[in-house]
Amino acid sequence: GAHVCCRRLLARRDEADLPFLNFLVGKAIAEHPENLELQLFQLAVLRFIHCDAKQASDQEKKLQDKKGMLIDRTFQLFAVIRRATAEVSSSLGQAVNLMEF
């Protein structure tokens, strides 16, 4: 539920929605801290929208340390890390394209 709502809000590509998106992601993570989809979504938001490399790096390390992650989630994490190292520029559109993937 919350993950889909966050993705739909991000898909609108309206920067005025970012404060609400931040609130929604934070609230969803607080209520469901074990949800990998939400954690990966938060990682992409941190990395590509807010350009917060320090916090994103901490989040990546936590996710990489998780055991038993399904292959699709592992690949999604790999894609975020790979995209972050491959491209220096960031934008809202880039995050949306990655989330659509």
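Let's start at a small detail: C51, just after helix α3, takes a positive phi of about 55°. The model you are looking at is predicted, and α3 is a good place from which to explore it.

At the other end of this helix, N35 caps the N terminus of α3, with a side-chain oxygen 2.9 Å from the backbone nitrogen of E37. How far apart are the end C-alpha atoms of α3? They are 19 Å apart, which agrees with the 20 Å that its 14 residues, 36–49, should span at 1.5 Å a residue. Helix α3 is also largely enclosed by the rest of the structure, because 13 of its 14 residues are buried.

One partner of α3 is helix α1, residues 2–11, and the two axes come within 10 Å. They cross at roughly 25°, so α1 and α3 are roughly parallel to each other, as an angle under 35 degrees counts as such. The crossing is left-handed. Here are the residues that make the contact:

| Helix | Residues in the contact |
|---|---|
| α1 | A2, H3, C6, R7 and L10 |
| α3 | E37, L38, F41 and I49 |

A general point helps in reading such a list: an α-helix has 3.6 residues a turn, so residues three or four places apart point the same way.

Now for the whole protein. It holds 6 helices and 0 strands, running α-α-α-α-α-α from the N terminus on. Of its 101 residues, 41% are buried. Among contacts with a separation of 6 or more, 56% join residues 24 or more positions apart.

Methods. Residues numbered from 1 in each chain as written. Predicted model: local features only at pLDDT ≥ 70, side-chain atom pairs only at ≥ 80, totals over all residues. Heavy atoms only, no water. Helix = DSSP H or I, 4+ residues; strand = E, 2+ residues; numbered from the N terminus. Expected span 1.5 Å × (residues − 1). Buried < 20%, exposed > 50% of the residue type's maximum accessible area, 1.4 Å probe, protein only. Polar contact = N/O pair within 3.5 Å; in protein donor to acceptor, adjacent residues only side chain to side chain. Axes fitted to C-alpha atoms, helices over the stretch in contact; angles between N-to-C directions. Parallel < 35°, antiparallel > 145°, perpendicular 65-115°, else oblique. Left-handed = near helix turned anticlockwise from the far one by under 90°. Contact = heavy atoms within 4.5 Å.
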